[in-house]
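Trainee: Could we go through this one together? I would like to know what stands behind each label.

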Amino acid sequence: MKVYISATLRNFFERNPVLEVPKSNIRDILTYLTDEYVESKKVLFDADGNLRSFVQIYAGDENWTDKEFWDKVLDDNTEILLLPAIAGGAPVESIIPDERRKSVSFDDAEVERFGRHLLLKDIGVKGQKRIKAARVVVVGAGALGSPVIQYLAAAGVGTIKVIDFDDVSLENLQSQVLHTSRDLKRPKVASAKDKVRNINRNINLEAENVKLEADNIVSEIDGYDIVIDCTDNYKARYLINDACVLCGIPLVFGAIYQFEGQVGIFNLNHGPCYRCQFPAPPEAGLVPTCSEGGAISPLPGIIGSIQANEALKLIIGIGEHLDGKLLVVDSLNLRNRIVKVKKNNNCPICGGHAVITKVEDFDYEEFCGLKEVEEEIPIEGFTPEELAKRIENGDQMTLVDVREPHERAIMRFPNAIVIPIGQLARRKNELNPEIDTIFICREGKRSILAINTLREAGYAGPMYNLKGGIEAMKDIIFSHEGAWL
Amino acid sequence: MIDISKNARAKCIDSCRKAYPSEACGVLLKKSGNEIIDDAVPMYNIMDKDRAGTHFSVDPYELYKLEKEMETKGYDIAGFYHSHPDCAAVPSGEDLEHMVPGLTYLIISITKAENGFNEEIKEYRIDI
């Protein structure tokens, strides 16, 4: 196999332009080269053994730099090219125009309040003025929104718009440190407003107690400098991304799940967007949201703090940031990595031939699998009240709990048999097709998946779904059952 | 700082002006055995137009062809140059990531002035 070494890399291969390597895939060729030319190893690979950014490997005219190609067997006549990637980008510039920075000033109290920022060479008076001039939208005043809103307020961001349609509930207090017991049942934006007022009365906090939809999102975010996505569902993420692309606003994305979190910056200077990295959401019901899958309490604090830090860096115009990158944080094993996000030229919203030109024209419900699908055989279900009545009447039926063991440990469903969803098809003989079977999960979504699975497996007995799942039913039958842990 | 011939310097600056407000880029050449940059050849910035103001990238095949051609003419590649329109002549993290150790990198800050442009050239190099 002939390997051509670019003139720019030849110094590390004793000036040889072409090397004959008796290997037949990229991985073996690289091992051979770095064994033969020891000096090349630390030039081509970083300390973690990853190929450095400036190295590109071509097989014929195809770019085979990515590791996924490294084990493919090469044709003997293929010429391998080792070339440098000649590329770069301008240093970060503030997204706040100079005129706006110059139009703000500080009083004595502000100089004292922001002293720790003013001391930093990279922030200073100029940077702090940019922070004060900035107008930031935070979507979601929940787990991620809690640190984001508080840190932006503490840092002195002049205008913060908080959008959330929800009220504070008891389960929110495990991670949403913006809210306290006194805020229960109040709108989340109301406690956000109180909290920010207590931090700094001069901050203009715009509280919007609305749900973002295709018909209102553009008017909510247009004219702002940054949008920070602190939501917990795919529909909102795609909607926010698309509106940001159309309005030309950079987006700081964050997401958490159980022990893992992600942060990224999308749509900065026409850079890659959320859809470039995630062209489609996972199938509905497959990946639970945090409200279904859970998350460890400090995780949103970590991820949200990084989001706030990234937003401030964009505002000030300093540092390296996550443009075109996704930071993945594993809080359980304390391993972080940064994944590169490439711009997709065929992206339907930010690519060369974008087909989505208005958010109103795109069906987000359908895209995210949230529509009540009109199926050939619709799935019938009982409301919690109807099921409670049937249980009270002593109707003959089989109750099947399809939740995972750790979920059942929180709350049992009385008299239900337990078949996790993955075992349903092969255990269908345990069900009696002569009587009604009612499927139960946490929120009534996985149970639909369970019914469809059994139908596909050929089960013909009558099947019903508990609408809203055990969550919707717990107040009806469990209050006196002592079923709670 | 490495010496650069008047001709090479003029070619670099000219290509930065022509590309403004996009980033310009190109290769720096030296005659084999020389320690001065004798010539510069602009290369095409393949980034999309709306991205080229803050990014540059070169088609590796164009470089492959160019370096073969320059070899026959007795030139070595000394390094690369690129411009930062309306921005300081300091390397970004992305610039640093893409620097081949040992080569010379010139970053040219170019800003609009009353009569034409102001330029500032800085040299960078990384070692391993």
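Mentor: Happy to; we will take burial, cores and the chain contacts in turn. This is a predicted model, in which local features need pLDDT of at least 70, side-chain atom pairs count only at pLDDT 80 or more, and totals for chains, interfaces and linings use all residues. Residues are numbered from 1 along each chain as its sequence is written, with chains lettered from A and ligands numbered from 1 in the order in which they are written.

Trainee: Why is helix α6 of chain A called mostly covered?

Mentor: A residue is buried if 20 or more other C-beta atoms, placed from the backbone, lie within 10 Å of its own. In α6(A), residues 124–133, 7 of the 10 residues are buried, including A:G127 and A:I131. The buried residues pack against α3, α5, α7 and α13 of chain A.

Trainee: What makes a set of residues a nonpolar core?

Mentor: Its members are buried Ala, Val, Leu, Ile, Met, Phe, Trp, Tyr and Cys residues joined through C-beta atoms within 7 Å. The largest such core has 74 residues, and A:I149 and A:I228 have the most contacts inside it. Apart from it lies another core, of 54 residues, among them A:V3 and B:I37.

Trainee: How do you know that β6(A) and β5 of chain B pair?

Mentor: Strands pair if DSSP finds at least two bridges between them. Here there are 3 bridges, in the antiparallel sense, so the two strands meet that definition. Within this pairing, A:G89 stands opposite B:H55.

Methods
A residue is buried if 20 or more other C-beta atoms lie within 10 Å of its own, exposed if 12 or fewer, and partly exposed in between; C-beta atoms are placed from the backbone. Helices (H or I, at least four residues) and strands (E, at least two) are DSSP runs, numbered from the N terminus. Two residues are in contact if their C-beta atoms, placed from the backbone, lie within 7 Å.
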